[in-house]
Amino acid sequence: MLEPLRQGLPPLDPATVSDAASCALPPRYEAVREARQFTRGTLDQWHMGERFDDICLVVSELVTNALRHGLPSVNGHGPAQNPPVRLHLMRWTERLVCAVRDPSHDSPVARDSDDFSAESGRGLFLVDSFADSWGWHPLAGTLSGKVVWALFRVPPASGGSPNR
């Protein structure tokens, strides 16, 4: 259902981005709450608060996966001190992309689970269910790791909003 996982974003011209915002997230699970708060504030500023629930659920899952699976461990006893996890929100006229960068080169793995009451293991299933499309790609150049992204189709903006 979730294949292919290694795919690029659909063609989106970076020059046509109408809004973009990003934030660095600390390597601790409280960062998921910080990511939701950042997403709420950004979507409110962009007058997209009505999409908050779906987008926030996906952001929470992407950030949780980055923290749980994308951070290196120190002697197997927890995350290293400062690995870079970053949340990016980008809006085009009728599309919103949520992207989470982490330092791991490992591809996201969707687990097959028939137990929908399980505490974990269904994050990518939820991303696939709530986003219009999603995927991941390795980073190139001076950045190391990968980006996992989710795309939402949104109604056109009704007015201009300041860039962040």
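Tutor: This chain holds 3 helices and 5 strands. From the N terminus, the order of elements is β-α-α-β-β-α-β-β. The model is predicted, so local features need pLDDT of at least 70 and side-chain atom pairs 80 or more, while totals for chains, interfaces and linings use all residues. Residues are numbered from 1 along each chain as its sequence is written, and side-chain values use heavy atoms, with hydrogens and water left out.

Student: What makes residues 95–102 strand 3?

Tutor: Strands are DSSP runs of E, at least two residues, and helices are runs of H or I, at least four, both numbered from the N terminus. Strand 3 covers residues 95–102.

Student: Why is strand 3 called largely enclosed?

Tutor: Of its 8 residues, 7 are buried, so the rest of the structure largely encloses strand 3. Buried means under 20% relative accessible area, exposed over 50%, and partly exposed in between, with a 1.4 Å probe and protein chains only. For the whole chain of 164 residues, the buried share is 42%.

Student: How do you know that strand 3 and strand 5 pair?

Tutor: Two strands pair if DSSP finds at least two bridges between them. Strand 3 and strand 5 (residues 146–153) have 8, in the antiparallel sense, and therefore count as paired. Strand 2 (residues 85–91) pairs with strand 3 over 6 bridges, also antiparallel. Arg86 faces Arg101 of strand 3 there. Strand 2 and strand 3 make a hairpin, with 3 residues between them.

Student: What makes strand 1 and strand 4 edge strands?

Tutor: First, the sheet. It is open, has 5 strands in the order 1-2-3-5-4, and pairs in the antiparallel sense. Strand 1 (19–25) and strand 4 (133–138) each pair on one side only, and these are the edges. Neighbouring strands in the sheet are turned by 15° on average, direction ignored. Strand 1 joins strand 2 through 7 antiparallel bridges. In that pair, Ala24 stands opposite Arg86 of strand 2.

Student: Which strands does helix 1 touch?

Tutor: Helix 1 (residues 31–45) packs on the sheet against strand 1, strand 2 and strand 3. Contact means heavy atoms within 4.5 Å. The direction of helix 1 makes about 165° with that of strand 1. Helix 2 (residues 52–69) also packs on the sheet, touching strand 1, strand 2, strand 3 and strand 5. Its direction makes about 15° with that of strand 3. Axes are lines fitted to C-alpha atoms, for helices over the stretch in contact, with angles from 0 to 180 degrees between N-to-C directions.

Student: Which residues have the most contacts inside the largest nonpolar core?

Tutor: Leu87, Leu96 and Phe152 do, in a core of 35 residues. A nonpolar core is a set of buried Ala, Val, Leu, Ile, Met, Phe, Trp, Tyr and Cys residues joined through side-chain atoms within 4.5 Å. Helix 2 gives the most to this core, 9 residues. Setting aside residues up to four places away in sequence, Phe152 touches, among others, Ile55, Val58, Leu96, Cys98 and Phe130. A second, separate core of 6 residues includes Val97, Ala99, Val147 and Trp149.

Student: Why is the contact of Lys146 and Asp102 called a salt bridge?

Tutor: A salt bridge needs a side-chain nitrogen of Lys or Arg within 4 Å of a carboxyl oxygen of Asp or Glu. Lys146 and Asp102 meet at 3.0 Å, N to O, so the pair qualifies. Lys146 lies in strand 5 and Asp102 in strand 3, so the bridge ties together parts 44 residues apart in sequence. The two residues also stand opposite each other in the strand pairing.

Student: Are Lys146 and Asp102 buried or exposed?

Tutor: Buried. Lys146 has a relative accessible area of 5%, and Asp102 has 4%.

Student: How many salt bridges does the whole structure have?

Tutor: The search finds 5. One of them joins Arg40 to Asp44, with the closest N and O atoms 3.6 Å apart. Both lie in helix 1, 4 residues apart, about one turn of the helix.

Student: Why is Arg40 called partly exposed?

Tutor: Its relative accessible area is 33%, so Arg40 falls between the buried and exposed limits. Asp44, at 38%, is partly exposed too.
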